[in-house]
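Work through the exercises below with the model open. Try each task before reading its solution.

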Amino acid sequence: LNEGKPSRYNELKKWVLDNNVLDDTFVYGKWDEKYTENDLRFKGSLKLEDVQSVMSNTKYTLIIPIKEGWVTSKYIEMIYAGVIPFFHPDYDTQKHINLGIFDNLLRPKTPENLLENINELENTPGLRKMVISELQRILITDKDLTGENISHEIMSNIYGLNINNN
């Protein structure tokens, strides 16, 4: 998660840093030094060759949008890597992403709710693996991995095109 403009720091602080989500919480990405210099949880940007290694040891991520309603392909990248994405309440407010039975679990309404949901995944044997497997099955297609779906969505919204996306 990069800081972005406007800064996402206050939401990150509220939802993760002040919430003691997990003891081994780390933040990767580019952030203003005033936030990172005294907080060892900020690890800076990763080289591309290091991303997979970090992702293989990552269980959860919180996706915070730069602007309310914005959707990116980050959730697909995370699910593909075996990381369960939690969606900040301002992310995908239109609910374009169909999470099915996992909607309440992955769309926490408060920081406390996020922590409760993580604890449920951690303390229920097999639940985390079942959730990620099902998310991979229902949300990742070849067109997601090639970028065709996101391209279609962008072009449809920009030009009002009705492109068949089969």
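**Exercises on a predicted model**

**Exercise 1.** In this predicted model, find the bridge partner of Ile-63 in E4, then describe how E3 and E4 pair.

*Solution.*
- Step 1. Ile-63 has Phe-87 as its bridge partner in E4.
- Step 2. E3 and E4 run in the parallel sense, paired over 4 bridges.
- Step 3. Add H4: E3, H4 and E4 form a β-α-β unit, and this unit is right-handed.

**Exercise 2.** Decide which residues are buried on each side of E3.

*Solution.*
- Step 1. In a regular strand, side chains alternate between the two faces of the sheet.
- Step 2. Tyr-60 and Leu-62 lie on one side of E3, and both are buried.
- Step 3. Thr-61 and Ile-63 lie on the other side and are buried too. Both faces of E3 are covered.

**Exercise 3.** Find which members of the largest nonpolar core touch the most other members.

*Solution.*
- Step 1. The core has 34 residues; Tyr-75, Phe-86 and Leu-106 touch the most other members.
- Step 2. Elements that give two or more residues to this core include H1 (9-17), H6 (111-123) and H7 (127-139).
- Step 3. Look at Tyr-75: among the residues it touches are Ile-63, Phe-87 and Leu-139.

**Exercise 4.** Check the length of helix H9 (residues 148-159), then sort its buried and exposed residues.

*Solution.*
- Step 1. At 1.5 Å a residue, 12 residues should span 16 Å. The end C-alpha atoms are 16 Å apart, which agrees.
- Step 2. Asn-149, His-152 and Ser-156 of H9 are buried.
- Step 3. Down the axis of H9, the buried residues fall within an arc of 60°, so they line one face.
- Step 4. The face of H9 turned away from that buried side carries exposed Asn-157, Ile-158 and Tyr-159.

Conventions. Residues are numbered from 1 along each chain as its sequence is written. This is a predicted model: local features need pLDDT of at least 70, side-chain atom pairs count only at pLDDT 80 or more; totals for chains, interfaces and linings use all residues. Side-chain values use heavy atoms; hydrogens and water are left out. A nonpolar core is a set of buried Ala, Val, Leu, Ile, Met, Phe, Trp, Tyr and Cys residues joined through side-chain atoms within 4.5 Å. Buried means under 20% relative accessible area, exposed over 50%, partly exposed in between (1.4 Å probe, protein chains only). Contact means heavy atoms within 4.5 Å. Two strands pair if DSSP finds at least two bridges between them. A crossover is right-handed if, with the strands pointing away from the viewer, the path from the first strand over the helix to the second runs clockwise. The expected span of a helix is 1.5 Å times one less than its number of residues. The arc is that of the directions from the helix axis to the C-beta atoms. Lists of a residue's contacts leave out its neighbours within four places in sequence.
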